[in-house]
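Please work through the exercises below with the sequence and the 3D structure at hand, trying each task before reading its solution.

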Amino acid sequence: MIEMNSRKFYITTAIPYVNAAPHIGHALEFIQADAIARHRKVNGYDVFLTTGADENSLKNVQAAEKLKITPEELTKRNAQAFSQMADKVNLHYDAFVRSSIREEHWPGVEKIWELCNKSGDIYKKSYSGLYCVGCELFYTEKELENGLCPEHKTRPELVEEENYFFRLSKYQKQIEELISSGKLKIIPDNRKNEVLTFIREGLEDFSISRSVKRARGWGVPVPGDSSQIVYVWFDALGLYLTAIGYGKDEVRFKKWWPANVHVIGKGIIKFHALYWPGILLSAGIALPESILVHGYVTAEGQKMSKSIGNIVDPIPLIEKYGTDKLRYYLLKEIPTFEDGNFAEKNLEECINNELVGNLGNFIHRTLTFVWTKYAGSIKKFELTPEEMVFIKNISSKAQEVDVLLLENKLREGMLKILEIGNDANRYFQANAPWEIIKTDKEKAERIMFVCTNVCRIVSGLLYPFLPESSEKLLALQNEKPMDFARLLGIKAAKINEPHIVFDKI
Ligand SMILES: [Zn+2]
């Protein structure tokens with residue numbers, strides 16, 4: 001136990017551009033990161049979760065211009081929308097960082113810049129290239145699809161100016177070796193292979209500054225050159241460091257860095273798997289342990305886009321269904337590492353058939369039976385060999401949930417809990433305690449002894465996925481969220497008056 005408590009776990013979500021309101025894809029990422037963090041936390045890790053707002057982008061300046069407000073006003077407003085969504089989806093964060101907050105973030109960015117400069121990896125050159133403002137990225141001709149940005153389907157603008165460049169090419173071999181050996185783990189494997197293929201085609205140096213004019217003076221000034229602003233990605237990636245004290249509080253920084261996992265969407269893999277390791281290697285800062293890449297959420301079978309007008313806003317869904325029902329749906333129905341589809345009818349079916357029909361049914365039947373027939377108390381029994389087999393099967397599935405969550409396989413973990421729910425419902429049905437009790441109260445209590453233990457296990461396993469519901473269910477059993485090993489200890493039960501936690505839509 002002491003050893004467990006000494007383990008630290010630093011996890012980050014991507015730091016979203018806050019040029020528009022958050023959508024269901026952001027909610028998915030927040031919920032995924034939160035489920036992973038809660039799993040570690042409940043199992044004895046010391047956890048720190050960083051999220052925030054990437055605000056120093058050209059996109060924000062343009063969005064603010066359109067709305068006739070200042071970038072400060074726009075970013076403050078949009079950052080608020082993101083932190084509100086974080087609260088609504090029950091993302092428990094330790095830091096919500098904003099890159100426009102000078103005193104918090106800028107000294108760290110300057111420090112990274114100076115370290116890279118000292119390594120001889122920053123140089124100035126005149127440059128012209130095709131720039132997508134949506135991506136905040138220069139594209140080469142061959143990366144475009146029919147001359148358009150593959151992400152935004154818009155024509156990038158030709159930009160010509162003198163910029164500072166980062167010598168990424170120097171780190172090509174090193175980054176390739178780190179990723180292929182798994183020292184820097186890219187999850188899942190197909191994303192890792194995609195990155196390796198990209199690296200083997202050759203890494204080019206990239207621009208890490210903008211003219212003050214083009215950036216409209218918005219962003220972190222380049223140390224020692226007031227005519228240039230630090231490129232938004234160079235600045236934003238640094239948030240992972242400054243959130244935990246880099247550039248201000250070395251003790252705190254050393255406690256948490258390196259990150260154990262960066263959770264990101266597939267669209268920004270290049271920045272995290274190529275640029276970020278390059279910058280860190282140059283600055284002599286340790287690399288993160290892993291990068292978890294999730295896919296995109298489509299809406300009712302179509303890619304979400306402003307022009308189609310089918311962007312799914314998670315807030316009304318939470319207001320209609322509640323946080324845990326949305327969490328359940330996104331964690332269970334969307335494959336953790338691939339694209340998935342959001343369909344409201346499907347959400348309702350999943351809730352009614354699985355969460356309510358399977359897990360809710362078993363839990364509520366068990367608790368109600370124990371409350372009404374045994375005044376809430378079930379004593380401890382010695383397990384018979386048959387009962388032992390059943391409980392062992394449940395325990396080994398519970399341990400598999402733990403392993404799956406350690407591998408960040410959230411969907412598979414949830415599916416495993418549903419399997420336990422099916423086993424438990426079958427056990428209750430086959431043993432028919434409502435019949436047995438008529439002739440043998442002791443024998444029926446024995447059945448309920450097994451059921452209450454499984455009920456506690458299921459309720460506890462749900463904690464990373466559905467924290468609020470799990471806490472409610474455990475409270476009905478006079479328990480609190482606990483580490484998964486302790487969850488499996490077989491014991492007597494004391495139930496409070498039950499109420500329905502998972503209700504039908
Ligand atoms: Zn783009």
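Three exercises on helices follow, each with a worked solution.

This is a predicted model, in which local features need pLDDT of at least 70 and side-chain atom pairs count only at pLDDT 80 or more, while totals for chains, interfaces and linings use all residues. Residues are numbered from 1 along each chain as its sequence is written.

**Exercise 1.** Determine which residues of helix H4 are buried and which are exposed on its other side.

*Solution.* Begin with the extent of the helix: H4 covers residues 71-88, and its 18 residues reach 25 Å from the first C-alpha to the last, close to the 26 Å expected at 1.5 Å a residue (the expected span is 1.5 Å times one less than the number of residues; helices, H or I with at least four residues, and strands, E with at least two, are DSSP runs numbered from the N terminus). Next, list the buried residues, which are Pro-71, Leu-74, Thr-75, Asn-78, Ala-79, Phe-82, Met-85 and Ala-86 (buried means that 20 or more other C-beta atoms lie within 10 Å of the residue's own, exposed that 12 or fewer do, and partly exposed in between, with C-beta atoms placed from the backbone). Seen down the axis of H4, these buried residues fall within an arc of 120°, so they line one face of the helix (the arc is that of the directions from the helix axis to the C-beta atoms). On the other side of H4, Glu-73, Gln-80 and Gln-84 are exposed.

**Exercise 2.** Describe how helix H13 packs with helix H14.

*Solution.* Two packed helices are described by the angle between their axes and the distance between the axes. Here H13 (residues 323-333) and H14 (residues 344-374) pack at an angle of about 95°, with their axes 10 Å apart. That makes H13 roughly perpendicular to H14 (a term for angles of 65 to 115 degrees). The contact is made by Lys-325, Tyr-328, Tyr-329, Lys-332 and Glu-333 of H13, together with Asn-346, Leu-347, Cys-350, Ile-351 and Leu-355 of H14 (contact means C-beta atoms, placed from the backbone, within 7 Å).

**Exercise 3.** Find what the buried residues of helix H16 pack against.

*Solution.* Start from the buried residues of H16, among them Leu-410, Met-414, Ile-417, Ala-424 and Phe-428. Its buried residues fall within an arc of 155° when seen down the axis of H16, so they line one face of the helix. These buried residues pack against H2, H13, H14, helix H15 (385-406) and helix H18 (441-461). Finally, look just after H16, where Ala-432 takes a positive phi of about 40°.

Notes: Axes fitted to C-alpha atoms, helices over the stretch in contact; angles between N-to-C directions. Parallel < 35°, antiparallel > 145°, perpendicular 65-115°, else oblique. Contact = placed C-beta atoms within 7 Å.
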